[in-house]
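Thanks for coming. I have one structure to take you through today, so please have a look at it first.

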Amino acid sequence: MESVLQGLVGLSCLFLAGLGARSMFSPNSMIEILAVEPEGPAGLNTIRGFLGGLFIGSSVVLATGLATGNTTFFLAVAMVMGVVVVGRLVGIAIDGFDKKVLFPLVLELIMVMVFLAAHTQLRPV
């Protein structure tokens, strides 16, 4: 079970790093994925800086947790992803449901559960 959880955290780390790199270095390729249309250089800068930074930063935090064995790092990313989930649910409640939101919502929920499980199962006693 431990190696499965470590593997899932590692895969999440790679996934977030990939999204971050793509957001930072190819923001136009993220427009359809994110369902946003940036307004000029400022909008592209937001995708690069805010979203790219958030994804890459989360990946670095997960990698640090894996490398050090300190699973508290997993809780930090679980909290960020949990707040993203809350934001999506608020959006669904206020703006209505769009099926394009379902896949990322489920993926984010799974990541939160994986990070929480990894923290509880892998932390030193």
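I will go through the helices, how they pack, and a few residues worth finding on the screen. Keep in mind that this is a predicted model.

Let me start with helix α5, which covers residues 102-122. With 21 residues at 1.5 Å a residue, α5 should span 30 Å, and its end C-alpha atoms are indeed 30 Å apart, so the two figures agree. The buried residues of α5 are Leu 105, Glu 108, Met 111, Val 112, Val 114, Phe 115, Ala 118, His 119 and Leu 122. If you read down that list and wonder about the spacing, there is a general point to recall. An α-helix has 3.6 residues a turn, so residues three or four places apart point the same way.

What covers the buried residues of α5? The cover includes α1, residues 2-25, α3, residues 40-68, and α4, residues 72-95.

Now pick out Phe 115 in that helix. Its relative accessible area is 0%, so Phe 115 counts as buried. Which residues does Phe 115 touch, once neighbours within four places in sequence are set aside? They are Val 9, Ser 12, Leu 62, Phe 74, Val 77, Ala 78 and Met 81. Take Ala 78 from that list: it sits 37 residues from Phe 115 along the chain, yet the two C-alpha atoms are separated by 5.7 Å.

Further along α5 is His 119. At a relative accessible area of 9%, His 119 is buried. Apart from neighbours within four places in sequence, His 119 contacts Thr 71, Thr 72, Phe 74 and Leu 75. Phe 74 therefore turns up in the contacts of Phe 115 and again in those of His 119.

The next item is a charged pair. In general, side chains of opposite charge can pair when their charged atoms come close. How many salt bridges does a search of the whole structure find? It finds one. The partners are Glu 108 and Arg 88, whose side chains meet at 2.6 Å, N to O. Glu 108 belongs to helix α5 and Arg 88 to helix α4, so the pair ties together parts that are 20 residues apart in sequence. Are the two partners buried or exposed? Glu 108, at 10% relative accessibility, counts as buried. Arg 88 has a relative accessible area of 26% and is partly exposed.

That brings us to α4 itself. Its 24 residues, at 1.5 Å each, should span 34 Å, and the end C-alpha atoms are 34 Å apart, in agreement. The buried residues of α4 are Phe 74, Val 77, Ala 78, Met 81 and Val 85. Among what covers them are α1, α3 and α5. After α4 comes Gly 96, which has a positive phi, near 100°.

Now the packing of helix on helix. Two packed helices are described by the angle between their axes and the distance between the axes. For α3 and α4, the axes come within 8 Å and cross at roughly 155°. An angle over 145 degrees counts as roughly antiparallel, so α3 is roughly antiparallel to α4. The contact is made from the α3 side by Leu 54, Ser 58, Val 61, Leu 62, Thr 64, Gly 65, Leu 66 and Thr 68, and from the α4 side by Phe 73, Phe 74, Ala 76, Val 77 and Val 80. The crossing of α3 and α4 is left-handed.

For α1 and α3, the axes also come within 8 Å and cross at roughly 155°. That makes α1 roughly antiparallel to α3, and this crossing is left-handed too.

A few words on α1. It has 24 residues, which at 1.5 Å a residue should span 34 Å, and its end C-alpha atoms are 34 Å apart, so this agrees. Buried in α1 are Leu 5, Val 9, Gly 10, Ser 12, Cys 13, Leu 16, Leu 19, Gly 20 and Ser 23. These buried residues pack against α3, α4 and α5. Two of them, Val 9 and Ser 12, were in the contact list of Phe 115.

Last, please find Ala 35, in the loop between α2, residues 31-34, and α3. Ala 35 is not a glycine, although its phi is positive, about 60°. With 63% relative accessibility, Ala 35 counts as exposed.

That is the end of the tour.

Definitions and conventions. Residues are numbered from 1 along each chain as its sequence is written. This is a predicted model: local features need pLDDT of at least 70, side-chain atom pairs count only at pLDDT 80 or more; totals for chains, interfaces and linings use all residues. Side-chain values use heavy atoms; hydrogens and water are left out. Helices (H or I, at least four residues) and strands (E, at least two) are DSSP runs, numbered from the N terminus. Buried means under 20% relative accessible area, exposed over 50%, partly exposed in between (1.4 Å probe, protein chains only). Contact means heavy atoms within 4.5 Å. The expected span of a helix is 1.5 Å times one less than its number of residues. A salt bridge is a side-chain nitrogen of Lys or Arg within 4 Å of a carboxyl oxygen of Asp or Glu. Axes are lines fitted to C-alpha atoms, for helices over the stretch in contact, and angles run from 0 to 180 degrees between N-to-C directions. Angles under 35 degrees count as roughly parallel, over 145 as roughly antiparallel, 65 to 115 as roughly perpendicular and the rest as oblique. A crossing is left-handed if the near helix is turned anticlockwise from the far one by less than a right angle, and right-handed if clockwise.
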